[in-house]
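Here are some exercises to work through with the model open beside you. Try each task before you read its solution.

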Amino acid sequence: QVQLVESGGGLVQAGGSLRLSCAASGSVFSIKTMGWYRQAPGKQRGLVASITSGGSTNYADSVKGRFTISRDNAKNTVYLQMNSLKPEDTAVYYCHAELVVVVAWGNVQYDYWGQGTQVTVSS
């Protein structure tokens, strides 16, 4: 079992920056991928950025060059540095962890979500 605690959301003006943090606890040794998703009102939840246990990263096209995902393995924490924020970045941001556990009959995948943190970017 994994628990995810998010922090760092808030209100910022366009062009500003925020850094989101997500601290994982529990069975952190089983985490394969961690990432950030966001959901704006009336829209579906979509991937913002992800990072694998091997350090490979993936970004949504809309945030490439502006957002950076990173992690601190010692602290079991993943970060999302958001620069040059735009009003369209306004959303609830959710931390996500994917766990893969190898058992006798194969791999078992689990997904965990944080409660979400509001990011609001004003014009």
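## Exercise 1: The cysteine pair

Cys22 is buried, its relative accessible area being 0%. Keep in mind that the model is predicted.

**Task.** Find which residue is joined to Cys22 by a disulfide, and work out which parts of the chain the link ties together.

**Solution.**
- Step 1. Look for cysteine sulfur atoms within 2.5 Å of each other. Cys22 and Cys95 meet this rule, with an S to S distance of 2.0 Å. The count comes to one disulfide.
- Step 2. Place both ends in the secondary structure. Cys22 belongs to strand β3 (residues 18-26) and Cys95 to strand β9 (residues 91-103), so the link ties together parts that are 73 residues apart in sequence.
- Step 3. Check the burial of the partner. Buried means under 20% relative accessible area, and Cys95, at 0%, is buried.
- Step 4. Read the angle about the S-S bond. For Cys22 and Cys95 it is -85°, and the link is left-handed.

## Exercise 2: Two hairpins

**Task.** Follow the chain from β4 to β5 and on to β6. How many bridges join β4 to β5, and which glycine in each turn has a positive phi?

**Solution.**
- Step 1. Start with β4 (31-39) and strand β5 (residues 46-52). These strands run antiparallel and are joined by six bridges. As a point to locate by eye, Arg38 stands opposite Gly46 of β5.
- Step 2. Inspect the turn of this hairpin. Six residues lie between β4 and β5, and Gly42 has a positive phi near 80°.
- Step 3. Go on to strand β6 (residues 57-59), which pairs with β5 in the antiparallel sense over three bridges. Ile51 has Thr57 in β6 as its bridge partner.
- Step 4. Inspect the second turn. Four residues lie between β5 and β6, and Gly55 in the turn has a positive phi of about 95°.

## Exercise 3: The largest pocket

**Task.** Describe the lining of the largest pocket: which strand gives the most to it, and how many residues fall in each class?

**Solution.**
- Step 1. Begin with the volume, which is about 160 Å³ for the largest pocket.
- Step 2. Pick out the lining residues, among them Ala24, Ile31, Lys32, Met34, Arg71 and Asp72.
- Step 3. Sort them by strand. β4 and β7 (67-72) each supply at least two lining residues, and β4 gives the most, with three.
- Step 4. Sort them by class. The lining has four nonpolar, four polar and three charged residues.

Technical notes: Residues numbered from 1 in each chain as written. Predicted model: local features only at pLDDT ≥ 70, side-chain atom pairs only at ≥ 80, totals over all residues. Heavy atoms only, no water. Buried < 20%, exposed > 50% of the residue type's maximum accessible area, 1.4 Å probe, protein only. 1 Å grid on protein atoms, 1.4 Å probe; cavity = no way out; pocket = protein on both sides within 12 Å on 5 of 7 lines; lining within 4 Å. Points joined across faces, edges and corners; volume = space filled by probe spheres on them. Nonpolar A, V, L, I, M, F, W, Y, C, P; charged D, E, K, R; others polar. Pairing = 2+ DSSP bridges.
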